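Open the model in your viewer and follow the stops below in order. Each stop says what to select and what is found there.

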Amino acid sequence: MRKYAVEIQGLYKRFGSQQVLDGIDLKVPEGSVLALLGPNGAGKTTLVNIMSTLVTPDAGTLLINGYDVSRERQKVQQSISLTGQFAAVDEVLTAEENLRMICRLSGLTGAEARIRSTELLAYFDLASARSKRAGTFSGGMKRRLDLAISLVVPKPVLFLDEPTTGLDTRSRRALWDMILQLKSQGITIVLTTQYLEEADQLADRIAVLDGGHIVAEGSPEELKSRVGGEVLELRNAEDEVIHRIPTSGSIGDVANTLQELMRQLPTETRVGIHRPNMDEVFIALTEKKMEEIV
Ligand SMILES: Nc1ncnc2c1ncn2[C@@H]1O[C@H](COP(=O)(O)OP(=O)(O)OP(=O)(O)O)[C@@H](O)[C@H]1O
């Protein structure tokens with residue numbers, strides 16, 4: 001059995017004088033979710049476009065589902081689905097017409113197309129809107145239809161470029177559930193996102209792209225522990241942080257630390273445990289890179 005759905009080695013891409021990708025190495029295990037994070041313009045979309053054969057790299061080896069992107073392009077294309085930043089739905093057609101059209105273009109017969117469209121409309125909670133024109137849909141409905149379209153014929157690897165940008169919290173969470181369901185079916189998912197919480201919630205591994213390099217890669221917990229562990233945070237009555245003390249978080253450690261502090265601090269001092277969040281991880285990792293560059 002193959003271990004990685006995506007294997008990238010020594011990938012370079014330049015646009016004009018700008019070296020957008022400057023030696024990328026990346027592996028994505030089969031059946032996992034990888035989130036690509038990075039500041040605006042870091043090259044996330046370029047990397048997804050290269051993986052999905054839309055853009056040709058200047059150098060590097062890319063295997064998708066075991067196929068070489070430069071030598072087995074068609075095999076790669078048969079292995080992937082892509083949902084880009086801009087919904088690919090035809091707004092003049094209804095939800096069902098959109099799906100049936102893509103089903104037919106994918107080689108399904110009329111009867112198969114009808115069955116598959118009905119399945120996907122139900123799966124993506126669009127059955128009641130099947131006869132409405134996509135142009136009248138909310139952003140969340142359009143995104144769900146877009147995702148349904150990209151899954152007409154299930155493929156082992158799914159690329160999602162900013163799948164929830166512009167969605168409200170409820171629609172975003174609904175889409176997260178769907179992405180996790182696809183993962184549970186064994187689909188490998190590579191997504192880019194501007195939302196750090198999204199990466200934290202969905203991704204098995206996160207790769208942070210900055211200055212053309214992957215500056216960090218690991219599970220959300222690994223990345224958080226790289227920017228520091230848990231701290232006991234003590235605040236005064238004005239809610240200002242007065243102490244930050246590293247802790248293991250165990251009841252014994254917390255009790256010992258508090259016993260010492262209780263002799264010195266007013267009883268109204270408030271205490272909480274703070275864990276690094278993805279925002280802090282992102283800022284620390286991308287700032288470090290900036291410092292190295294300067
Ligand atoms: N076809 C192109 N021609 C010239 N420059 C390009 C092209 N595509 C991307 N770029 C440049 O490459 C850089 C990376 O762009 P890309 O869209 O990959 O970044 P991104 O990380 O996805 O950004 P964002 O978070 O803003 O979507 C940008 O500076 C962009 O202007």
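**The whole chain**

Begin with the full chain in cartoon: ten helices and 13 strands. The model is a predicted one. Taken along the principal axes, the C-alpha atoms fill a box of roughly 80 × 45 × 40 Å. Of the 294 residues in the chain, 34% are buried. Now display contacts between residues at least 6 apart in sequence: 67% of these join residues at least 24 apart.

**The ligand shell**

Select the ligand and the residues that surround it. The shell consists of Phe15, Gln18, Val20, Gly38, Asn40, Gly41, Ala42, Gly43, Lys44, Thr45 and Thr46. Colour these residues by class, and they divide into three nonpolar, seven polar and one charged.

Which elements each supply at least two residues of the shell? They are strand 2, residues 18-29, and helix 1, residues 44-51. Helix 1 gives the largest share, three residues.

**Helix 1**

Keep helix 1 selected and hide the ligand. Is helix 1 mostly covered or mostly uncovered? Helix 1 is mostly covered, with six of its eight residues buried. Those six are Lys44, Thr46, Leu47, Val48, Ile50 and Met51. Two of them, Lys44 and Thr46, also appear in the list of residues around the ligand. Move just past the end of helix 1 to threonine 53, where phi is positive at about 70°.

**Aspartate 25 in strand 2**

Go back to strand 2 and pick aspartate 25. There are 15 other C-beta atoms within 10 Å, so aspartate 25 is classed as partly exposed. Leaving out residues up to four places away in sequence, aspartate 25 touches Ile8, Gln9 and Gly10. Then select histidine 213, which is 188 residues from aspartate 25 along the chain. The C-alpha atoms of aspartate 25 and histidine 213 are separated by 8.7 Å.

**Leucine 37 in strand 3**

Next select strand 3, residues 33-37, and centre on leucine 37. Why does leucine 37 count as buried? Leucine 37 has 28 C-beta neighbours inside 10 Å, and the cut-off for a buried residue is 20 or more.

Show the residues that leucine 37 touches, again without those up to four places away in sequence: Thr193, Leu196, Ala199, Ile206, Val208, Leu209 and Phe282. For a pair that is set apart in space, add tyrosine 67, 30 residues from leucine 37 along the chain. Here the C-alpha separation is 25 Å.

**Helix 3 and its buried residues**

Move to helix 3, residues 95-105. Its buried residues are Ala95, Glu96, Asn98, Leu99, Arg100, Ile102 and Cys103. What do these buried residues pack against? Their partners are helix 4 and helix 5, the latter spanning 139-150. Just after helix 3, glycine 107 has a positive phi of about 100°.

**Helix 3 against helix 4**

Two packed helices are described by the angle between their axes and the distance between the axes. Select helix 3 together with helix 4, residues 110-123. The two pack at an angle of about 130°, with axes 9 Å apart, and are therefore oblique to each other. Their crossing is right-handed.

Show side chains at the contact. From helix 3 come Ala95, Glu96, Leu99, Arg100, Cys103 and Arg104. From helix 4 come Glu112, Ala113, Arg114, Arg116, Ser117, Leu120 and Leu121. By class, this contact has six nonpolar, one polar and six charged residues.

**Helix 3 against helix 5**

Finally, replace helix 4 with helix 5 in the selection. Are helix 3 and helix 5 roughly parallel or roughly antiparallel to each other? Their angle is about 20°, with axes 9 Å apart, and they are therefore roughly parallel. The crossing of helix 3 and helix 5 is right-handed.

On the helix 3 side, select Ala95, Asn98, Leu99 and Ile102; they meet Leu145, Ala148 and Ile149 of helix 5. Coloured by class, the residues of this contact divide into six nonpolar, one polar and no charged.

Key:
Residues are numbered from 1 along each chain as its sequence is written. A residue is near a molecule or strand if its C-beta atom, placed from the backbone, lies within 6 Å of it. Helices (H or I, at least four residues) and strands (E, at least two) are DSSP runs, numbered from the N terminus. Ala, Val, Leu, Ile, Met, Phe, Trp, Tyr, Cys and Pro count as nonpolar, Asp, Glu, Lys and Arg as charged, and the others, Gly among them, as polar. Axes are lines fitted to C-alpha atoms, for helices over the stretch in contact, and angles run from 0 to 180 degrees between N-to-C directions. Angles under 35 degrees count as roughly parallel, over 145 as roughly antiparallel, 65 to 115 as roughly perpendicular and the rest as oblique. A crossing is left-handed if the near helix is turned anticlockwise from the far one by less than a right angle, and right-handed if clockwise. Two residues are in contact if their C-beta atoms, placed from the backbone, lie within 7 Å. A residue is buried if 20 or more other C-beta atoms lie within 10 Å of its own, exposed if 12 or fewer, and partly exposed in between; C-beta atoms are placed from the backbone.
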